[in-house]
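This briefing covers how the chains of the model below meet. Please read it alongside the sequence and structure.

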There are 4 protein chains.
Amino acid sequence: MSAEAQARVAVDALYSADTTSRSLGIDLVSVHPGRVAVAMTVRPDMLNGHGNCHGGILFSCADSAFAFACNSRGVAMVGAAASIEYMAPVALGERITALATETTRTERHGVYDVALTTAAGAVVALFRGRCSRHRGAQQSG
Amino acid sequence: MSAEAQARVAVDALYSADTTSRSLGIDLVSVHPGRVAVAMTVRPDMLNGHGNCHGGILFSCADSAFAFACNSRGVAMVGAAASIEYMAPVALGERITALATETTRTERHGVYDVALTTAAGAVVALFRGRCSRHRGAQQSG
Amino acid sequence: MSAEAQARVAVDALYSADTTSRSLGIDLVSVHPGRVAVAMTVRPDMLNGHGNCHGGILFSCADSAFAFACNSRGVAMVGAAASIEYMAPVALGERITALATETTRTERHGVYDVALTTAAGAVVALFRGRCSRHRGAQQSG
Amino acid sequence: MSAEAQARVAVDALYSADTTSRSLGIDLVSVHPGRVAVAMTVRPDMLNGHGNCHGGILFSCADSAFAFACNSRGVAMVGAAASIEYMAPVALGERITALATETTRTERHGVYDVALTTAAGAVVALFRGRCSRHRGAQQSG
């Protein structure tokens, strides 16, 4: 099986079990080894107290892209830590794309960066996730 | 109005507009100036591809506690950045409490730490959020 | 040997080999299991281009406190990741204390928080470090 | 003056006042608008207690590259926060290059990523810095 096909199989399996991604309306946009894009539209049940998209929803979208990307090589990885920088508020109805790319990867660890952008191309947040080999003892994104 | 009463008013107003906290079943547990606890039970629609609670859901719970705590002094603050460290996976059905405390605060910025714990008292994740005075140009948690 | 004595022995051994701490004039102030304070005075060779203490010097001071604290229990740990939030600039001549405390620790990982304060008690920066068991494959603080 | 020339002037001015970069032997390698590389050799006074390059020294090298890059457009910026992920230990004598690139920038904020690599091209650490417009109230890298 090619790396491209393996990525598709691994991500599809993960996505089908990922009830959070499905309940938030996170769609798979593209899947390649080490590089996955997802997209999501900000719904009325995704706001914070100031009326913008909740930071946790943006994080969740990025975190799903990260989880799919770091598991796309057929080796189970789990998120160990992550950070997010917010650049601009995101309004109700906006379509957000999260593109996760592999910044570095060793046998046991990886760092993935995710850019969250609007349909107009504005960067609204940047996410960085660190993953480790799955040993049943850590959290996955 | 006392600082305690002011905190309650500010957080109640924020919580009532925060559709994400309500759709995720995040409950307010305690509200004090600079110190807010919320709690949430992991539902079947909150899992990741490995069958544990999705990292974004844990982050959302912490982020809501952070947003409530940093706005509890009557000055509108928005999240500028946040990070999370995952210590252990969280299973379906677990009740998670997120306690946000004020680590430091100046007139324009603040840093808040949130500990996520199970009902048994195990720390499953640690969150740190940085906020800035609201100017309509940044994201709120 | 008591936990207190063990911490002292472990940290003294680490400190004596830590040429960076000694070249930066970082002094050990107090050592307890999971809790270590160091201090340093900002010298003329520790400034940045704006004339304040360089961020990397503040980070180094915090990182040493972190490394000592996470190794104070007699199990070798190495830094896996760290973050720092700057709250205020630090001037030439200031005496900075870095107090590292153990926020959470499992057998294989730990998270330590370090507060950097001036002699007047102002918090100038907050550091958070994550460590893992030493396996010869990661960086130590 | 071209953007390239302006970057060179701005970075040279900052570098000449940056006593930390000079005392650590951090050299300017290349300067472009939003993109600066520096390099440093790990000296005997730059080790940690485990005998590898101290995390604070690696951070300092990255932080200088970040500070130069975020000030290369002629607008004074100061570091607000930063994080580092360590991928591999760095030995005495290694030549480390830190390449800072602009990931996103608005009028008031920016996020810069710095990759730290050995002469052989191995990524030993990844740094991310967030900067804000200089107002005399925050720390610069």
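How many residue pairs are in polar contact across the interface of chain D and chain C? There are 24 such pairs, both residues at pLDDT 80 or more; a polar contact is a pair of N or O atoms within 3.5 Å, one able to donate a hydrogen and the other to accept it, and residues adjacent in sequence count only if both atoms are side-chain atoms. The model is predicted: local features need pLDDT of at least 70, side-chain atom pairs count only at pLDDT 80 or more, and totals for chains, interfaces and linings use all residues. Residues are numbered from 1 along each chain as written, chains are lettered from A and ligands numbered from 1 in written order, and side-chain values use heavy atoms, without hydrogens and water.

**Interface of chains D and C**
- Contact (heavy atoms within 4.5 Å) links 47 residues of chain D with 47 residues of chain C.
- No salt bridges are counted between chain D and chain C (side-chain nitrogen of Lys or Arg within 4 Å of a carboxyl oxygen of Asp or Glu).

**Strand pairing**
- Strand 3 (residues 77-86) of chain C runs antiparallel to strand 3 of chain D, joined by five bridges; strands are DSSP runs (E, at least two residues), numbered from the N terminus, and two strands pair if DSSP finds at least two bridges between them.
- A82(C) has I84(D) as its bridge partner.

**Chains A and B**
- A turn of 180° and a shift of 0.0 Å along the axis lay chain B on chain A with an RMSD of 0.0 Å, superposed by least squares on C-alpha atoms of residues with pLDDT of at least 70 in both.
- This is the relation of a two-fold axis.
- S83(B) has the C-alpha of chain B nearest the axis, 2.0 Å from it.

Conventions: Helices (H or I, at least four residues) and strands (E, at least two) are DSSP runs, numbered from the N terminus.
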